[in-house]
Amino acid sequence: MLANEKVNAQFKKMFDVWASHLVSPASRNVLTSDEDGWFGPKARKAMPNFEETFICDPATEYHGFSSWDDFFTRRFRPGVRPVASPDDTSIITSSCESTVYRIASNVKADDQFWLKSQPYSLRHMLNSDPLADAFA
């Protein structure tokens, strides 16, 4: 289904609308200290030391974030998460707060990888870009 161009075109329309919401001030409605808010008790337990870890201003509304996207792409305070060996090109640095699940070698363009319960190939992940073969 996700390989069907007509289906993907319709999904893109929906995602474009959603993306415009996520960068708008209206998307901050979840950035509250309410029970289920992103600064509420459950979230604070899952993200301890939030104010010390991330650049924000807890004295301001929404901790100073302009949108959900601004919150989601929040920056670390200087020195909190230094990059190990930044000049060593043999080391892969994760660009987000995540864990490397698997590293594969000798990958073929049509090998399957499971991402969020969906099968993808290198060709799918790179949207059939002509440069995809360079990664195989």
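These legends go with a set of close-up views of a predicted model.

**View 1. How sure is the predictor, and where?**
The mean pLDDT of the protein chain is 88, with 98% of its residues at 70 or more. If you go element by element, H4 comes out with the highest mean, 96. At the other end, strand E1 (residues 112-115) has the lowest mean, 80.

**View 2. The largest nonpolar core is made up of ten residues.**
Five of its members are Phe residues: Phe39, Phe50, Phe54, Phe65 and Phe71. Filling out the set are Leu31, Ala43, Met47, Cys56 and Trp68. Take a look at Phe65 and Phe71 while you're here: both are buried.

**View 3. His63 sits in a loop, yet it is buried.**
The loop in question runs between helix H3 (50-53) and helix H4 (68-72). His63 has a relative accessibility of just 8%, and buried means under 20%, so that's the label it gets. Who does His63 touch, leaving out residues up to four places away in sequence? The list is Phe39, Arg44, Phe50, Glu51, Cys56, Asp57 and Pro58. Of these, Phe39, Phe50 and Cys56 also turn up in the largest nonpolar core.

**View 4. Phe11 and Phe15 are a stacked pair in helix H1.**
Twelve aromatic pairs are counted in this model. In this one, the ring centres are 5.9 Å apart and the planes meet at 15 degrees; stacked means under 30 degrees, so the pair qualifies. The two residues are four apart in helix H1 (residues 5-22), so about one helical turn separates them. Phe11 is partly exposed, at 26% relative accessible area, while Phe15 counts as exposed at 53%.

**View 5. Phe65 and Phe71 meet edge-to-face.**
Here the centres are 5.3 Å apart, and the angle between the planes is 85 degrees. Both rings belong to one aromatic cluster, along with Trp38, Phe39, Phe50, Phe54, Trp68, Phe72 and Phe76.

**View 6. Arg74 lies over the faces of two rings, Phe54 and Phe71.**
Arg74 is 4.5 Å from the ring centre of Phe54. For Phe71, the distance from Arg74 to the ring centre is 4.6 Å. Phe54 has other company too: setting aside neighbours within four places in sequence, its contacts include Arg75, Phe76, Arg77 and Glu97.

**View 7. Lys42 and Asp36 form a salt bridge.**
This is one of five salt bridges in the model. The closest N and O atoms are 3.0 Å apart. Are these partners buried or exposed? Lys42 counts as exposed at 51% relative accessibility, and Asp36 does as well, at 62%.

**View 8. Asp110, Arg123 and Asp133 are linked in a salt-bridge network.**
Arg123 has a hand in both bridges: one with Asp110, at 3.2 Å from N to O, and one with Asp133, at 3.5 Å. Asp110 is in the loop between H4 and E1, and Arg123 is in helix H5 (residues 122-125), 13 residues apart. Asp133 lies in helix H6 (residues 132-135), so its bridge with Arg123 ties together parts ten residues apart in sequence. Asp110 counts as exposed, at 54% relative accessibility. Arg123 is partly exposed at 28%, as is Asp133 at 48%.

**View 9. Ser94 is in the loop between H4 and E1.**
Ser94 is partly exposed, with a relative accessible area of 36%. How far is Ser94 from Lys12, in sequence and in space? The answer is 82 residues along the sequence and 27 Å in space, C-alpha to C-alpha.

Notes:
Residues numbered from 1 in each chain as written. Predicted model: local features only at pLDDT ≥ 70, side-chain atom pairs only at ≥ 80, totals over all residues. Heavy atoms only, no water. Buried < 20%, exposed > 50% of the residue type's maximum accessible area, 1.4 Å probe, protein only. Contact = heavy atoms within 4.5 Å. Core = buried A, V, L, I, M, F, W, Y, C linked by side-chain atoms within 4.5 Å. pLDDT = per-residue confidence, 0-100. Phe/Tyr/Trp six-rings, centres within 6.5 Å; stacked < 30°, edge-to-face > 60°. Lys NZ or Arg CZ within 6 Å of the ring centre and 35° of its normal. Salt bridge = Lys/Arg side-chain N within 4 Å of Asp/Glu carboxyl O.
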